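Hi everyone, thanks for coming. I'd like to walk you through a structure that is probably new to most of you, so let me put it on the screen and we'll go through it together.

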Amino acid sequence: MSLMTPRAHVIGDPIAHSKSPLIHGFWLEKLGIAAEYVRVHVTSEELAKYIAASKADPRWIGSNVTMPHKQAIIPLLDRLHPLAKKLGAVNTVVRAKDGALVGYNTDTDGFLEPLREVLGKQHLFRMARILGTGGAARAIIAGLADQGFTLVVAGRNPDKARDLLDELAPKGEHHAISLDHFAQATDFTFDDRDQCFDLVVNASPLGMLGNPPLAFDWSHAPPGSVAYDIVTSPLDTQFLKNARDAGFEAINGYAMLIGQAATAFEKFFGKPPPREYDAELMEILTA
């Protein structure tokens with residue numbers, strides 16, 4: 001790599017676990033683009049200094065942003081894309097042609113990507129049960145509301161779930177409920193789901209390594225529902241295993257991870273990533 005090779009980062013604290021360099025590096029190699037994408041460990045105290053140093057580096061073209069910086073980085077930027085402003089979180093910073101630092105949020109695009117085919121179909125009714133009220137849930141609520149879903153958002157604090165719906169999905173008859181509601185079995189009889197699409201999303205860290213499992217009884221899911229877990233470690237969560245055991249289709253967290261990375265990649269490097277190699281990339285990610 002030359003001294004002027006374009007360079008992008010992923011920053012966070014911690015950051016060693018990030019798969020982003022593997023994903024972006026794989027795509028750069030396939031496309032033959034001479035560029036770098038590396039992890040940079042940045043603490044909260046170092047964030048402003050990092051941004052100043054990056055702006056001074058002519059090679060730096062942008063950064064992906066992970067926890068705990070998605071909100072804290074906003075005052076350090078020059079402009080926000082409307083979705084990032086709406087969500088109050090940035091996961092991608094790009095140096096624009098005029099030198100301005102522009103903040104984006106690609107989580108919504110990433111989440112929706114594996115659903116694009118089914119969402120391209122006509123449905124009489126769409127409903128999503130979203131489990132969790134954190135930062136990821138914000139992007140998911142906004143995205144699904146725009147796709148015409150009736151939402152049921154479940155959290156430990158139903159009032160927080162209600163506030164998220166009022167803020168991000170003010171139109172429509174959405175519902176806020178306690179997460180405990182889904183822990184016990186139900187004998188509810190669902191109506192005919194023909195031409196309907198039902199989604200159950202774990203948008204919480206429950207089930208992630210080091211966290212307690214997500215208590216969800218699959219009797220609460222209508223027939224034909226799709227289970228979607230954004231957790232990536234472990235990739236095959238107990239939530240997804242239970243869903244498959246109950247006869248439901250399951251989508252794992254790498255679908256969203258790769259989807260949001262694809263949007264960021266094009267913003268950084270000016271070309272869409274070569275998605276025809278997704279199967280090969282998935283093999284590398286899961287090795």
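Let's begin with a tryptophan. Leaving aside residues up to four places away in sequence, Trp218 touches Val200, Ala227, Phe239, Asn242, Ala243, Ala246 and Phe248. Before I go on, please keep in mind that this is a predicted model. Where does Trp218 sit in the chain? You will find Trp218 in the loop between strand 10 and strand 11. And is Trp218 buried or exposed? Its relative accessible area is 9%, and buried means under 20%, so Trp218 counts as buried. There is also a glycine to look at here: the C-alpha atoms of Trp218 and Gly247 are 9.6 Å apart in space, with their positions 29 residues apart in sequence.

That glycine takes us to helix 8. Gly247 comes just after helix 8 and has a positive phi of about 95 degrees. Helix 8 itself runs over residues 238-245, and its buried residues are Phe239, Leu240 and Ala243. Looking down the axis of helix 8, you would see these buried residues within an arc of 95 degrees, so they line one face of the helix. If you wonder how residues apart in sequence can share a face, remember that an α-helix has 3.6 residues a turn, so residues three or four places apart point the same way. What covers the buried residues of helix 8? The cover includes strand 7 (125-131), strand 10 (196-202), strand 11 (226-229) and strand 12 (249-251). Two of the names should sound familiar, as Phe239 and Ala243 are among the residues that Trp218 touches.

Now turn to helix 2, at residues 47-55. Its buried residues are Leu47, Tyr50, Ile51 and Ser54. Around the axis they cover an arc of only 100 degrees, which puts them on the same side of helix 2. Among the elements covering these buried residues are strand 1, strand 2 (36-41), strand 3, strand 5 and strand 6 (101-104).

Strand 5 brings us to an arginine. Arg95 belongs to strand 5, residues 92-95. With a relative accessible area of 24%, Arg95 is partly exposed. Which residues does Arg95 touch, if we skip those up to four places away in sequence? They are Ser54, Lys55, Asp57, Pro58, Trp60, Ile61, Ala100 and Leu101. Take Ser54, from helix 2: Arg95 and Ser54 are 41 residues apart along the chain, and their C-alpha atoms are separated by 9.7 Å.

Next, how helices meet. Helix 1 (residues 20-31) and helix 9 (residues 253-269) have axes that come within 10 Å and cross at roughly 55 degrees. That angle makes helix 1 oblique to helix 9. The crossing is right-handed. On the helix 1 side, the contact is made by Ile23, His24, Trp27, Leu28 and Leu31. Helix 9 brings Leu257, Ile258, Ala261, Ala262, Ala264, Phe265, Phe268 and Phe269. Sorted by class, this contact has 12 nonpolar residues, one polar and no charged.

Here is another pair. The axes of helix 6 (residues 135-146) and helix 7 (residues 158-168) come within 10 Å, crossing at roughly 45 degrees. Helix 6 is therefore oblique to helix 7. This crossing is right-handed. Helix 6 contributes Arg138, Ile141 and Ala142, and helix 7 contributes Leu164, Leu165, Glu167 and Leu168. By class, the residues of this contact are five nonpolar, no polar and two charged.

Let me finish with some backbone details in the loops. The peptide bond from Asp13 to Pro14 is cis, with omega near 10 degrees. Pro14 is in the loop between strand 1 (7-12) and helix 1. The bond from Met67 to Pro68 is cis, with omega near 10 degrees. Look for Pro68 in the loop between strand 3 (60-65) and strand 4 (79-80). And then there is Gln195, which is not a glycine and yet has a positive phi of about 65 degrees. Gln195 lies in the loop between strand 9 (175-178) and strand 10. Its relative accessibility is 45%, so Gln195 counts as partly exposed.

That's my tour. Thank you for listening!

Terms used
Residues are numbered from 1 along each chain as its sequence is written. This is a predicted model: local features need pLDDT of at least 70, side-chain atom pairs count only at pLDDT 80 or more; totals for chains, interfaces and linings use all residues. Side-chain values use heavy atoms; hydrogens and water are left out. Buried means under 20% relative accessible area, exposed over 50%, partly exposed in between (1.4 Å probe, protein chains only). Helices (H or I, at least four residues) and strands (E, at least two) are DSSP runs, numbered from the N terminus. The arc is that of the directions from the helix axis to the C-beta atoms. Contact means heavy atoms within 4.5 Å. Axes are lines fitted to C-alpha atoms, for helices over the stretch in contact, and angles run from 0 to 180 degrees between N-to-C directions. Angles under 35 degrees count as roughly parallel, over 145 as roughly antiparallel, 65 to 115 as roughly perpendicular and the rest as oblique. A crossing is left-handed if the near helix is turned anticlockwise from the far one by less than a right angle, and right-handed if clockwise. Ala, Val, Leu, Ile, Met, Phe, Trp, Tyr, Cys and Pro count as nonpolar, Asp, Glu, Lys and Arg as charged, and the others, Gly among them, as polar.
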